[in-house]
Amino acid sequence: MISQPSRQCTVELQALPSRIGQVRRIVSAQLRYWHLDPLIDEAALGVTELLTNVHRHAEPDKMCTVQIELLLDRLTISVHDHDPTLPALRDADALATNGRGLALIAAVSDSWGVRPEGESGKAVWFTLAAPSPAVALPPYPLYATTSGTPFTQARPSRAARGRAAARSPIAG
């Protein structure tokens with residue numbers, strides 16, 4: 001069976017406010033290159049929130065790695081840092097000016113999570129459904145797999161599902 005290969009992009013940086021905007025632009029450009037424009041807003045929001053968490057909370061340093069991976073119909077963005085403290089989703093007070101980052105990620109993504117990486121770090125990740133790889137990816141060599149599982153049709157993006165649901169049967 002033939003399957004699409006993984007596409008990856010990795011950026012190492014110090015999570016400072018000036019760098020967060022640069023990485024957001026890098027993520028947006030990479031998604032445009034992969035023809036995943038409908039995912040740019042959610043991906044940019046998610047990576048901004050994760051990098052802001054590193055900037056605010058990570059110890060002993062602010063060094064981190066952002067990984068973007070497209071595998072078939074799934075885009076995964078993860079941020080790896082050197083702080084072993086795992087973040088937790090919490091309820092922010094209505095008047096609080098922070099504390100909603102993971103809740104925002106949970107709201108815009110299909111899934112998210114945290115995983116320890118040894119004794120000196122962690123990765124926080126989220127996924128977004130991507131358009132069909134046959135349409136979304138530029139030409140790339142194919143590789144054979146032994147899994148025997150057929151290709152599956154990708155779910156439309158969250159934005160596309162919202163537009164489809166809002167369409168009037170009368171207006172077409």
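Colleague: How many residues does α2 have, and how far does α2 reach from its first C-alpha to its last?

Modeller: In this predicted model, α2 has 18 residues and reaches 25 Å between its first and last C-alpha, close to the 26 Å expected at 1.5 Å a residue. You can try the same check on helix α1, residues 17–33. With 17 residues, α1 reaches 25 Å, close to the expected 24 Å.

Colleague: Which residues of α2 are buried?

Modeller: A general idea helps with reading any such list. An α-helix has 3.6 residues a turn, so residues three or four places apart point the same way. Now look at α2: its buried residues include Ile 40, Ala 43, Ala 44, Val 47, Leu 50, Leu 51 and Val 54. Polar residues can be on such a list too, and here Glu 42, Thr 48 and Glu 49 are among the buried ones.

Colleague: And what do the buried residues of α1 pack against?

Modeller: The buried residues of α1 are Ile 20, Gly 21, Val 23, Val 27, Ser 28, Gln 30 and Leu 31. They pack against the strands β2 (7–14), β3 (63–71) and β4 (74–81), and against helix α2 (40–57). Take Gln 30 as an example, since its place is in helix α1. Gln 30 has 18% relative accessibility and therefore counts as buried, the cut-off being under 20%. Leaving aside residues up to four places away in sequence, Gln 30 touches Cys 9 and Ile 68. Just past the helix, have a look at His 35, which follows α1 and has a positive phi near 60°.

Colleague: Which residues have the most contacts inside the largest nonpolar core?

Modeller: First the general idea. In soluble globular proteins, nonpolar side chains tend to be buried together. Here the largest nonpolar core has 31 residues, and those with the most contacts inside it are Val 23, Val 27, Leu 31, Leu 51, Val 66, Leu 75 and Ile 77. At least two residues of this core come from each of β2, α1, α2, β3, β4, α3 (101–108) and β6 (122–129). The helix α2 gives the most, with six residues.

Colleague: What does Leu 75 touch?

Modeller: Not counting residues up to four places away in sequence, Leu 75 touches Leu 31, Trp 34, Leu 39, Ile 68, Glu 69, Leu 70, Phe 126, Thr 127 and Leu 128. Try selecting these residues in the structure above.

Colleague: Let's turn to the strands. In which sense do β3 and β4 pair?

Modeller: They pair in the antiparallel sense, over eight bridges. To find such a pairing for yourself, pick one residue and look across to its partner. For Thr 65, the bridge partner in β4 is His 80. The hairpin of β3 and β4 has two residues between the strands, and Leu 72 takes a positive phi near 55° there. On to β2, which pairs with β3 in the antiparallel sense over eight bridges. There, Gln 14 stands opposite Met 63 in β3.

Colleague: How many salt bridges does the structure hold?

Modeller: The structure holds four salt bridges. One of them joins Arg 74 and Asp 110, whose closest N and O atoms are 3.1 Å apart. Arg 74 lies in strand β4 and Asp 110 in the loop between α3 and β5 (111–116), so this pair ties together parts that are 36 residues apart in sequence. Arg 74 is partly exposed, at 27% relative accessible area, and Asp 110 is partly exposed as well, at 28%.

Colleague: Are Asp 81 and Lys 122 buried or exposed?

Modeller: Both Asp 81 and Lys 122 are buried. Their side chains meet in a salt bridge, at 3.0 Å from N to O. Asp 81 lies in strand β4 and Lys 122 in strand β6, so the pair ties together parts that are 41 residues apart in sequence. Another salt bridge is formed by Arg 115 and Glu 117, at 3.9 Å from N to O. Arg 115 is partly exposed, with a relative accessible area of 35%, and Glu 117 is partly exposed at 31%.

Colleague: Finally, how many helices and strands does the protein chain have?

Modeller: The chain has five helices and seven strands. Along the sequence, they follow the pattern β-β-α-α-β-β-α-β-β-α-β-α. Of its 172 residues, 38% count as buried. The chain exposes about 9,900 Å², and carbon and sulfur atoms supply 56% of that area.

Notes: Residues numbered from 1 in each chain as written. Predicted model: local features only at pLDDT ≥ 70, side-chain atom pairs only at ≥ 80, totals over all residues. Heavy atoms only, no water. Helix = DSSP H or I, 4+ residues; strand = E, 2+ residues; numbered from the N terminus. Expected span 1.5 Å × (residues − 1). Buried < 20%, exposed > 50% of the residue type's maximum accessible area, 1.4 Å probe, protein only. Contact = heavy atoms within 4.5 Å. Core = buried A, V, L, I, M, F, W, Y, C linked by side-chain atoms within 4.5 Å. Pairing = 2+ DSSP bridges. Areas by Shrake-Rupley, 256 points an atom, 1.4 Å probe, with all protein chains shown as cover.
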